[in-house]
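Student: I should like to learn how to read a model of this kind, one feature at a time. Where should we begin?

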Amino acid sequence: MRSSYAIEVKNLKKSFKLPTEKAAGLKQAFFNTLKGVKGYTKQEVLKNISFRVKKGEFLGIVGRNGSGKSTLLKVLSKIYVPDSGKIKINGSLVPFIELGVGFNPELTGKENVYLNGALLGFSNAEVDKMYDEIVSFAELEPFMNQKLKNYSSGMQIRLAFSIAIRAKGDILILDEVLAVGDAAFQEKCNEYFKSLKGEQTVIIVTHDMENVKRFCSRAILIENGEIIKDGNPEKVAEAYLDLFKN
Amino acid sequence: MKMSEVLNRKNQILLSELTKTDFKLRYQGSILGYLWAVIRPLLMFGILYIVFAKFLRFGTDIPHYPVYLLVGIVLWNFFVECTNQGIQSLIIRSDLMRKIAFPKWIIVLSATTTALINLGINLIIVVIFALISGASFNLSWLLVPFFIFELYLLSFGLALFLGSINVKYRDIQSIWEVLIQALFYTVPIIYPLGMVTALSGFAAKVLMLNPIAQVVQDIRFCLITTDTMTGWVLIENIFLKFIPLLVVVGILILGIKVFNKKSKYFAEEI
């Protein structure tokens with residue numbers, strides 16, 4: 001039976017080992033072992049997180065800096081290994097923890113699109129199919145055979161962003177990258193996100209409550225590695241703003 | 001890494017894209033470009049040839065000594081490039097590992113494949129030199145790829161092992177640079193093995209237990225002159241003859257095991 005959930009997360013825990021002294025060296029590691037010092041302290045970043053995302057849901061994750069949002073996205077994207085808990089992902093997941101990962105200034109725009117595509121798990125034939133759409137969305141047709149280092153930073157981010165939203169995955173994950181570029185391009189991005197609502201499963205992390213209210217069909221508020229509110233975007237946005245009131 | 005997934009379609013594409021990029025970027029911005037892949041070993045060979053063959057008069061009793069020397073240098077350079085690039089590649093690509101989930105060993109595989117391509121280019125030059133200096137094609141040339149594969153597996157295993165430790169302890173990179181310098185003098189590359197056997201037969205046998213020495217001598221035997229003293233002939237004990245091969249397999253297994261264990265946490269440790 002095909003599940004109606006795109007993502008199911010159960011009792012997810014993740015902690016990091018933070019080095020206490022400077023332990024980045026063989027010598028220090030050696031002395032730490034001799035002295036019986038662990039050399040690190042454990043910091044729990046995600047404490048027992050459970051939630052499910054329905055197919056087609058546009059989920060916003062909000063919370064203060066350091067509350068565990070990005071760690072959660074990285075665990076979902078399989079970049080980090082969880083300490084315990086279960087994650088079930090139905091379908092292909094395309095994560096954008098950052099735009100333009102692997103972009104190389106010495107390669108041309110076109111070469112970068114293919115490299116980025118390969119890193120995201122797309123074959124050259126699949127990138128071929130998306131390529132024209134990516135370029136036209138980015139409005140960079142005349143520049144694709146130029147080296148990326150000759151692009152303005154706005155052009156680079158537009159190209160990266162276009163790859164992100166044109167990459168056809170079942171689940172799209174975006175960290176803090178909702179609208180980029182000038183006003184006209186931002187408007188285009190907003191239109192695009194509105195059109196996604198109800199069609200594509202999207203998970204975004206953002207600090208912009210206007211965007212949460214505008215795009216999301218559901219939102220989650222994370223505080224100290226725990227979900228403290230889950231549901232209606234308006235209410236979650238309110239709860240988020242309340243965090244800063246006292 | 002599960003065996004069935006090792007080179008599935010997705011990984012193949014990623015490997016080829018990363019390798020292409022590596023190769024494109026290596027000689028980026030230089031006037032001679034790819035030609036450097038050829039010029040570098042030739043210059044190195046020129047220097048060593050003048051010093052060792054002309055001034056120190058090594059290898060006067062070995063036919064085609066210049067090519068004999070060149071083969072050794074080319075293979076050694078491959079070993080150095082393969083291990084160094086393999087170790088550093090994980091640091092260079094740290095940005096990717098922190099942002100995207102993909103099999104990490106592809107990074108090492110791509111870096112070592114680039115070294116393998118360079119070796120391929122260099123070997124073409126070796127063959128041209130060999131033909132010019134009077135060696136002629138024979139069937140034993142066909143064995144050369146097997147020995148190169150052996151050397152590659154050794155380098156790949158070392159790169160996996162050292163690279164995965166280097167992610168957390170960057171000292172490894174520096175230690176390896178010194179170690180490899182020392183190792184260079186234990187391999188009969190600039191000096192003929194005959195010089196060692198003349199001093200001590202036992203020492204020569206010990207040196208030949210090293211798989212790099214074994215591969216270098218075997219390739220010289222196949223490619224240039226059957227006068228080459230190989231480990232197989234020098235070491236009498238039938239079990240000891242297989243030591244170099246066992247070392248390669250051992251290091252490869254160790255490398256894969258350690259890498260598999262550590263690579264899960266690269267993204268957070270780097």
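Tutor: Let us begin with contact, which means heavy atoms within 4.5 Å. Please keep in mind throughout that this is a predicted model.

Student: With which residues is B:Ala135 in contact, leaving aside its neighbours within four places in sequence?

Tutor: The partners of B:Ala135 on that basis are B:His64, B:Ala130, B:Leu223 and B:Ile224. B:Ala135 itself belongs to the loop between α5 and α6 (144-166) of chain B.

Student: How far apart are B:Ala135 and B:Thr225 in sequence and in space?

Tutor: They are separated by 90 residues in sequence, yet their C-alpha atoms lie 7.7 Å apart.

Student: Is B:Ala135 buried or exposed?

Tutor: A residue counts as buried when its relative accessible area is under 20%. B:Ala135 has a value of 8%, and therefore it is buried.

Student: How should one read a helix, taking α2 of chain B as the case?

Tutor: One may compare its length with the expected span. Helix α2(B) covers residues 36-55, 20 residues in total. From its first C-alpha to its last it reaches 27 Å, close to the 28 Å expected at 1.5 Å a residue.

Student: Where is the kink in α2(B) centred?

Tutor: The kink, of about 30°, is centred on B:Tyr49. Just after the helix, B:Arg57 adopts a positive phi of about 55°.

Student: Which residues of α2(B) are buried?

Tutor: The general idea is that an α-helix has 3.6 residues a turn, so residues three or four places apart point the same way. In α2(B), the buried residues are B:Ala37, B:Pro41, B:Phe45, B:Leu48, B:Phe52 and B:Ala53. Their cover includes α3 (65-92) and α5 (105-132) of chain B.

Student: With which residues is B:Asn122 in contact, again leaving aside neighbours within four places in sequence?

Tutor: B:Asn122 is placed in helix α5 of chain B. It touches B:Ala37, B:Val38, B:Pro41 and B:Val74. Of these partners, B:Ala37 and B:Pro41 are among the buried residues of α2(B). B:Asn122 is buried as well, with a relative accessible area of 9%.

Student: How many disulfides are there over all chains?

Tutor: A disulfide requires two cysteine sulfur atoms within 2.5 Å. The count over all chains is zero. A:Cys216, for instance, takes part in none, and the nearest cysteine sulfur, that of A:Cys189, is 15 Å away.

Student: Are A:Cys216 and B:Cys82 buried or exposed?

Tutor: A:Cys216 is buried at a relative accessible area of 3%. B:Cys82 is likewise buried, at 0%.

Student: How is chain A as a whole to be described?

Tutor: One looks at secondary structure, extent, burial and contacts in turn. Chain A contains eight helices and nine strands, and its C-alpha trace spans about 60 × 45 × 45 Å along the principal axes. Of its 246 residues, 52% are buried. Among contacts with a separation of 6 or more, 70% join residues 24 or more positions apart. The accessible surface is about 11900 Å², and carbon and sulfur atoms hold 49% of it.

Student: How many residues does each chain bring to the contact between chain A and chain B?

Tutor: Chain A brings 32 residues and chain B brings 25 residues. The area buried between them is about 2500 Å², with 66% given by carbon and sulfur atoms. On the side of chain A, A:Leu26, A:Ile79 and A:Leu119 lose the most area to chain B, together 24% of what that side buries.

Note on methods
Residues numbered from 1 in each chain as written. Chains lettered and ligands numbered in written order. Predicted model: local features only at pLDDT ≥ 70, side-chain atom pairs only at ≥ 80, totals over all residues. Heavy atoms only, no water. Buried < 20%, exposed > 50% of the residue type's maximum accessible area, 1.4 Å probe, protein only. Helix = DSSP H or I, 4+ residues; strand = E, 2+ residues; numbered from the N terminus. Expected span 1.5 Å × (residues − 1). Bend = angle between axes of the 7 residues up to and from the residue. Areas by Shrake-Rupley, 256 points an atom, 1.4 Å probe, with all protein chains shown as cover. Buried area = accessible area lost by both parts, 1.4 Å probe.
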